[in-house]
Amino acid sequence: MATEQEVYHIAELADVGINTGELGTFTHQFNAILEYFDVLDRVSGDTAVTRDLCNVMREDETEPSLPREEVLRNVAAQEDGFIKAPRVM
Amino acid sequence: MGDNECCFEPEDRYNAFLTTCKKVTHGSGKLGGIAVAVKDNISTQGIETTCASKILKGYIPPYDAHVVQLLKGSGAAIVGKTNMDEFGMGTTTENSAFGPTLNPCDTGRVPGGSSGGSAAAIAGGMVRMALGTDTGGSIRCPAAFCGIVGLKPTYGRVSRYGLIAYANSLEQIGPMGRTVDDVSVLMQVIAGYDRRDSTSYDRPYTHTPCADIQGLRIGIPQEYFGSGVNPEVAAVVNKAVGRLEELGATTIPCSIPSMEYALAAYYVICTCEASSNLARFDGVRYGPAADAKKSWHEAYQEVRRANFGTEVRRRIMLGTFALSSGYYGKYYAKAQVARGNVKKDFARVFADVDVIAGPTMPTVAFRLGEKSDPLSMYLTDILTVPVNLAGIPAISVPCGTAEGMPVGLQIMGRPWEDERVIDVAYAYEQGCI
């Protein structure tokens with residue numbers, strides 16, 4: 001069972017935020033789903049899925065990419081041809 | 001592109017489209033001049049692509065998805081972008097940030113999801129065919145609920161380049177249409193190798209449907225007709241299977257025991273993948289602006305809380321939780337083993353049968369607002385998710401009605417035998433004319 005505090009913590013970790021008004025409902029629904037997931041405790045075996053494709057890589061060579069103006073077209077804020085972002089530090 | 005032009009101004013009574021292109025130029029070819037709708041999570045150069053989310057409102061992709069390039073190359077007229085559950089997360093299309101799509105068969109009911117807009121556009125007579133995407137049933141569910149045909153191809157057969165990712169290891173782009181023939185023609189255009197998708201295989205599709213199913217062995221899994229499946233729906237599907245027997249097929253009872261935990265495994269894997277994929281939506285490179293004056297964490301969280309819908313936030317949180325230290329082994333690792341068991345179950349059954357048949361959905365289309373609890377909504381995906389876990393092809397073809405609403409017959413096949421599931425659906429469709 002996850003507590004309201006834990007659900008709040010997860011929302012913070014995932015950076016999706018949570019309003020105090022929705023915390024109770026979210027926690028209740030979260031626990032119902034986690035309880036359903038408990039059926040996985042009955043899974044036996046230890047082999048996960050593999051596919052017959054491996055190491056699909058190309059040579060590390062420069063290829064044409066989108067022009068800068070195309071990339072910046074959807075950007076909300078820019079300065080001197082760069083994307084403006086909130087400060088990280 | 002040629003210089004042909006067509007006009008597209010439908011009366012969209014079902015809210016099937018998020019964007020329509022009034023004047024469309026198109027070339028000639030296999031789909032020359034045919035109106036094709038594209039689900040709004042598939043990138044279209046110069047046409048707004050939102051995934052039905054506020055967080056991508058106003059986003060104009062600078063490039064086309066591989067399948068869109070192929071559509072254009074075949075002369076198709078791309079007439080608009082269809083409504084969906086936000087980022088593909090839902091079974092009803094009610095999770096769209098831009099309002100639900102209505103089911104053309106009964107506007108008081110949902111069209112299914114998440115490709116509900118594509119299905120409604122076809123069922124409502126606005127387009128002949130459309131592209132959808134199927135992560136856990138998102139093509140087959142709306143096809144069943146709206147009475148049209150939809151194919152989830154073998155994983156790797158259609159390039160995902162330009163599809164805005166939700167759960168990469170499960171999802172495929174696929175064709176939807178009024179008839180099996182239309183679905184087959186669209187599949188001819190979109191299938192094939194693309195180096196820009198590292199999971200792409202060189203398996204083009206050049207097939208023309210054939211209605212001869214003499215000697216075909218059909219597996220009937222008991223789990224697809226058990227508790228939770230509406231008896232009226234089960235009866236309609238049983239009758240359809242009987243029709244396939246009359247057409248020359250034989251049926252063999254079978255079992256997929258891993259169905260017991262397939263749904264839980266699916267929801268663990270898809271939410272884990274979603275929590276990683278959706279981290280890119282930060283309001284910096286596209287979408288609503290993050291406040292550059294605030295700290296990263298504060299601005300990032302503010303944009304995401306305000307612009308992601310409740311279900312999207314719930315799935316990101318579930319995935320974050322399931323991948324977190326201390327819980328990884330209990331959820332994600334177990335789900336991957338469960339997935340392997342599902343794949344093994346199908347392989348075992350397919351040693352004795354050529355295809356597996358059952359209902360696409362356990363019920364007919366729900367009434368709008370009927371499923372308000374997330375878990376009860378998830379449970380309705382039980383018959384479609386095993387196919388995505390195993391990566392195999394499956395088609396939904398209309399097979400009658402229950403409670404006055406369409407019912408879908410689901411045909412599942414061995415990996416790379418998309419042709420065979422199409423043939424069986426075609427045989428059924430032709431045999432019922």
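A: Let's start with a rule for reading angles in this predicted model: 65 to 115 degrees counts as roughly perpendicular, under 35 as roughly parallel and over 145 as roughly antiparallel.

Q: At what angle do α1(A) and α8(B) pack, and how far apart are their axes?

A: Helix α1 of chain A, residues 4–13, meets α8(B) at about 100 degrees, and their axes are 9 Å apart. The two helices are therefore roughly perpendicular to each other. From α1(A), the residues in the contact are I10(A), A11(A) and L13(A), while α8(B) contributes M317(B), T320(B) and F321(B). Sorted by class, this contact has 5 nonpolar residues, 1 polar residue and no charged ones.

Q: Stepping back to the whole contact, how many residues does each of chain B and chain A give?

A: Chain B provides 50 residues and chain A provides 38 residues. On the chain B side, α6 (259–277), α7 (296–307), α8 (310–323), α9 (329–349) and α10 (374–379) each supply at least two residues. The most comes from α9(B), with 10 residues. The side of chain B that touches chain A has 28 nonpolar, 11 polar and 11 charged residues.

Q: What elements does chain A have, and in what order do they run?

A: Chain A contains 3 helices and 2 strands. Read from the N terminus, the order is α-α-α-β-β. To judge its spread, compare the radius of gyration with the globule rule: chain A has 22 Å, well over the 12 Å given for 89 residues, so this chain is more spread out than a compact globule. Its C-alpha atoms fill a box of roughly 50 × 45 × 25 Å along the principal axes. Of the 89 residues in chain A, 15% are buried.

Q: Now for the sheet of chain B: what is the order of the strands, and which stand at the edges?

A: A sheet is best read strand by strand across its width. This open sheet of 11 strands runs β2-β5-β4-β6-β8-β7-β12-β13-β11-β9-β10 in chain B, with mixed pairing. At the edges are β2 (17–20) and β10 (250–254) of chain B; each has a single partner strand, so one side of each lacks a neighbour in the sheet. From one strand to the next, the twist averages 30 degrees. As an example of pairing, β9 of chain B, residues 217–221, runs parallel to β10(B) and is joined to it by 5 bridges. There, R217(B) stands opposite T250(B).

Q: Which strands does helix α2 of chain B touch as it packs on the sheet?

A: Helix α2, residues 116–123 of chain B, touches β2, β4 (35–39), β5 (77–82), β6 (129–134) and β8 (172–177) of chain B, and its direction makes about 155 degrees with that of β6(B). By our opening rule, angles over 145 count as roughly antiparallel.

Q: Is α2(B) mostly covered or mostly uncovered?

A: Mostly covered, with 8 of its 8 residues buried. Among them are S118(B) and I122(B). The buried residues pack against α3 (140–146) as well as β2, β4, β5, β6 and β8 of chain B. After the helix comes G125(B), with a positive phi near 80 degrees.

Q: At what angle do helices α5 and α12 of chain B pack?

A: Here α5, residues 231–246, and α12, residues 418–431, both of chain B, pack at about 95 degrees with axes 10 Å apart. Once more the helices are therefore roughly perpendicular. A240(B), R243(B) and L244(B) of α5(B) make the contact with A427(B), Y428(B) and G431(B) of α12(B). By class, that is 4 nonpolar, 1 polar and 1 charged residues.

Technical notes:
Residues are numbered from 1 along each chain as its sequence is written. Chains are lettered from A and ligands numbered from 1 in the order in which they are written. This is a predicted model: local features need pLDDT of at least 70, side-chain atom pairs count only at pLDDT 80 or more; totals for chains, interfaces and linings use all residues. Two residues are in contact if their C-beta atoms, placed from the backbone, lie within 7 Å. Helices (H or I, at least four residues) and strands (E, at least two) are DSSP runs, numbered from the N terminus. Ala, Val, Leu, Ile, Met, Phe, Trp, Tyr, Cys and Pro count as nonpolar, Asp, Glu, Lys and Arg as charged, and the others, Gly among them, as polar. Two strands pair if DSSP finds at least two bridges between them. Axes are lines fitted to C-alpha atoms, for helices over the stretch in contact, and angles run from 0 to 180 degrees between N-to-C directions. The radius of gyration is taken over C-alpha atoms; the globule rule is 2.2 Å times the number of residues to the power 0.38. A residue is buried if 20 or more other C-beta atoms lie within 10 Å of its own, exposed if 12 or fewer, and partly exposed in between; C-beta atoms are placed from the backbone.
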